[in-house]
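Subject: Handing over a structure, with notes on what was found

Dear colleague,

I am passing on the structure shown below, and I would be glad if you could keep it open while you read the notes that follow.

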Amino acid sequence: MKHIGIFGGSFNPIHCGHVALAEEILRHTSLDEIWLMVSPHNPLKQQNDLLDDQKRLALAEKALHGHPHINVSDYEMHMPRPSYTWNLLEALTADFPGHVFSLIIGGDNWDLFNRWYRADDIRRKYPIIVYPRPGSTMVPADDDHACCHLTVVNAPLLDVSSTAIRARIQRGESIIGMVPDSIIADVERFYHQ
């Protein structure tokens, strides 16, 4: 059985913090691979600053070239919408019976996890890996660990965000060091309006 971590997000764009976090989680857990799950545009939400799905996917693939244990996936883009994490995990489990899936989320999402669709079912059936996020005040308590298979990875926080990258591009400022060098030119071109 392969143990796969599911790391979802809009990755709008992917940045050095995402890559460093995935590498750190691989180092501190028993995961064999991380599948970076690029989330589709939610048609029910107004997201004018969200880059086209295929471009975000291409940027992530290019950024992660040379990271053999981190794979970019468009799996969620082919699911019915709106897409819920429970449905994604269940579909992956059905399609890849030789794999065990863990959910990777930030502390900010763990703070709100009780509001997620079928949160109790996710906790009961799937291991969860939580990492710190800016603004998150909650660290999973001992009783959180008792209710499910929960792992906390105290990965360092990198002061970089997709929002800040987009803002810097709009102001004509450098994004060197914020995104992998291999995608700097593409990110600047795609996000410059």
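Let me begin with T29, which sits in the loop that links α1 (16-28) to β2. Please bear in mind throughout that this is a predicted model. The side chain of T29 takes part in two polar contacts with the backbone, since it reaches the backbone oxygen of I25 at 2.7 Å, while one of its polar atoms lies 3.3 Å from the backbone nitrogen of L31. Once residues up to four places away in sequence are set aside, T29 touches I129, T151 and V153.

For the overall layout, the chain holds eight helices and six strands, and, read from the N terminus, these elements follow the order β-α-β-α-β-α-β-α-α-β-α-β-α-α. Of the 193 residues in the chain, 45% are buried. Among contacts in the chain with a separation of 6 or more, 67% are between residues 24 or more positions apart. The area that the chain exposes comes to about 10,200 Å², of which carbon and sulfur atoms supply 51%.

Moving on from T29 into the strand that follows its loop, one comes to L36, which is placed in β2. L36 has a relative accessible area of 2% and therefore counts as buried, the cut-off being under 20%. Its C-alpha atom is separated by 5.9 Å from that of G8, although the two residues are 28 apart along the chain. Leaving out neighbours within four places in sequence, L36 is in contact with F7, F11, I14, A60, L64, N71, V72 and S73.

S39 is found in the loop between β2 and α2. With a relative accessibility of 18%, S39 is also counted as buried, because the limit is under 20%. Its contacts, again without the neighbours within four places in sequence, are G8, G9, S10, D53, R56, E76 and M77.

D49 belongs to the loop between β2 (33-38) and α2 (53-63) as well, but here the relative accessibility is 41%, so D49 counts as partly exposed. Which residues does D49 touch, if those up to four places away in sequence are not counted? They are N12, R166 and Y191. With R166 there is a polar contact of 3.0 Å between the two side chains, and the C-alpha atoms of D49 and Y191 are separated by 8.5 Å, with their positions 142 residues apart along the chain.

Two of these partners, R166 and Y191, also appear in a contact between helices, which I describe last. The axes of α7 (residues 162-170) and α8 (residues 184-191) come within 9 Å of each other and cross at roughly 75°. Since angles of 65 to 115 degrees count as roughly perpendicular, α7 is roughly perpendicular to α8. On the α7 side the contact is made by I165, R166, I169 and Q170, and on the α8 side by V187, E188 and Y191. By type, the residues of this contact divide into four nonpolar, one polar and two charged. R166 of α7 and Y191 of α8 thus take part in the contact of the two helices, and both are touched by D49, which lies in the loop between β2 and α2.

With kind regards

Terms used. Residues are numbered from 1 along each chain as its sequence is written. This is a predicted model: local features need pLDDT of at least 70, side-chain atom pairs count only at pLDDT 80 or more; totals for chains, interfaces and linings use all residues. Side-chain values use heavy atoms; hydrogens and water are left out. Axes are lines fitted to C-alpha atoms, for helices over the stretch in contact, and angles run from 0 to 180 degrees between N-to-C directions. Helices (H or I, at least four residues) and strands (E, at least two) are DSSP runs, numbered from the N terminus. Angles under 35 degrees count as roughly parallel, over 145 as roughly antiparallel, 65 to 115 as roughly perpendicular and the rest as oblique. Contact means heavy atoms within 4.5 Å. Ala, Val, Leu, Ile, Met, Phe, Trp, Tyr, Cys and Pro count as nonpolar, Asp, Glu, Lys and Arg as charged, and the others, Gly among them, as polar. Buried means under 20% relative accessible area, exposed over 50%, partly exposed in between (1.4 Å probe, protein chains only). A polar contact is a pair of N or O atoms within 3.5 Å; within protein, one must be able to donate a hydrogen and the other to accept it, and residues adjacent in sequence count only if both atoms are side-chain atoms. Accessible areas come from the Shrake-Rupley method with a 1.4 Å probe; for residues, only the protein chains shown count as cover.
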